[in-house]
Amino acid sequence: MNEFCWMDVKTRDVPGVAAFFGAVLGWRFAVDENDPRRATKIYLDGYPIGGVSDLSDPIYPPGTPPHVAYYLAVDDADRVTGAAVANGAELVVRPFDAGDQGRMATLVDPGGAAFSPWQAGTFAGWRHPGLAHAPARMMLACNDPERSRAFYRTVLGAEPRSAEFVRTPDVAETGARWEAILQTRDPGSVAARARTFGGGACVRSDAGSGQPGGPVLRLTGPDGLAFQMRPVID
């Protein structure tokens, strides 16, 4: 519980996103034949690490910006949603059942970062064995890390596991956001592949730069979808 467990990449350029992150990170995008909805999922070494949604689908309101939605494992989605709203969060999507897979809602925390509580049914989320280029930790880029930390501690009863709260200089421009931190054994090669492939960038990031292991990179792909990259520490 209280750990991020899934991501849903929402984009208007599914082929471009799949090609870029496949070439740079080794992610594989494929339809899940065992899913009645035939949803496209992201795999790494055979392990599912996320899903993909096409924002051109009519279910999304016009103008919905490309983004990555992150799901936070909870024991009771309705209780967490109520507690979040009572503590200043904005309710975007009320709790609903996603078939028999689980129950979820979508909220924006008081600092402006979106998140989705996920109460598992038949699907608990990613279960990869610490793979490089898979989500390893989460970072909340925000204006007031202590305020955000206190919000999640109050709503969940504890801070989200494997999460960092970081004040970043670009929040005023880009807004508060959760981003996945992906570990890599060769940051230079990731950056080189991003330059070679085109359609994205991999640059040094100030966010989380105080962590051990060398410089932190921010990998941005098509549609502005971004992830933090951090060297693996053995």
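This passage describes the packing, one helix, one loop and the salt bridges of a predicted model.

A good place to begin is the interior. The largest nonpolar core comprises 59 residues, and Trp27 and Trp178 have the most contacts inside it. Beyond its neighbours up to four places away in sequence, Trp27 touches Met7, Phe21, Gly22, Ile42, Tyr43, Leu44, Ile49, His133, Leu182 and Phe227. Another core, of five residues, lies apart from the largest one and includes Met139, Ala141, Val171 and Ile181. In soluble globular proteins, nonpolar side chains tend to be buried together. On the surface, however, Val92, Val93 and Phe96 make a nonpolar patch of about 220 Å². Val93 belongs to strand β6, residues 90–98; because its relative accessibility is 33%, Val93 counts as partly exposed.

Helix α5 (residues 187–197) shows how its two faces are used. Its buried residues are Val190, Ala191 and Ala194. These residues cover an arc of only 95° around the axis, so they sit on the same side of α5. The cover over them includes α1 (14–25) together with the strands β11 (177–184), β12 (201–205), β13 (216–220) and β14 (226–231). Arg195 and Thr196, both exposed, are carried on the face turned away from the buried side of α5. After the helix comes Gly198, with a positive phi near 85°.

The loop between β8 (114–120) and β9 (135–142) holds Leu131. Is this loop residue Leu131 buried or exposed? Leu131 counts as buried because its relative accessibility is 16%, below the 20% limit for that class. Leaving aside neighbours within four places in sequence, Leu131 is in contact with Leu44, Asp45 and Tyr47. The C-alpha atom of Leu131 is also 7.9 Å from that of Gln183, although 52 residues separate the two along the chain.

Turning to charged side chains, the structure holds eleven salt bridges. One of them joins Lys10 and Asp8, with an N to O distance of 2.8 Å, and both Lys10 and Asp8 are buried. Another links Arg79 with Asp75, whose closest N and O atoms are 2.7 Å apart; Arg79 is partly exposed, at a relative accessible area of 40%. Arg103 pairs with Asp97 in a salt bridge whose closest N and O atoms are 3.1 Å apart. Here Arg103 counts as partly exposed at 21% relative accessibility, whereas Asp97, at 52%, counts as exposed. Finally, salt bridges that share partners join Glu146, Arg149, Arg153 and Glu159 into one network.

Conventions: Residues numbered from 1 in each chain as written. Predicted model: local features only at pLDDT ≥ 70, side-chain atom pairs only at ≥ 80, totals over all residues. Heavy atoms only, no water. Core = buried A, V, L, I, M, F, W, Y, C linked by side-chain atoms within 4.5 Å. Buried < 20%, exposed > 50% of the residue type's maximum accessible area, 1.4 Å probe, protein only. Contact = heavy atoms within 4.5 Å. Patch = residues over 30% accessible without salt bridge, like charges linked within 9 Å, V, L, I, M, F, W, Y side chains within 5 Å. Areas by Shrake-Rupley, 256 points an atom, 1.4 Å probe, with all protein chains shown as cover. Salt bridge = Lys/Arg side-chain N within 4 Å of Asp/Glu carboxyl O. Helix = DSSP H or I, 4+ residues; strand = E, 2+ residues; numbered from the N terminus. Arc of directions from axis to C-beta.
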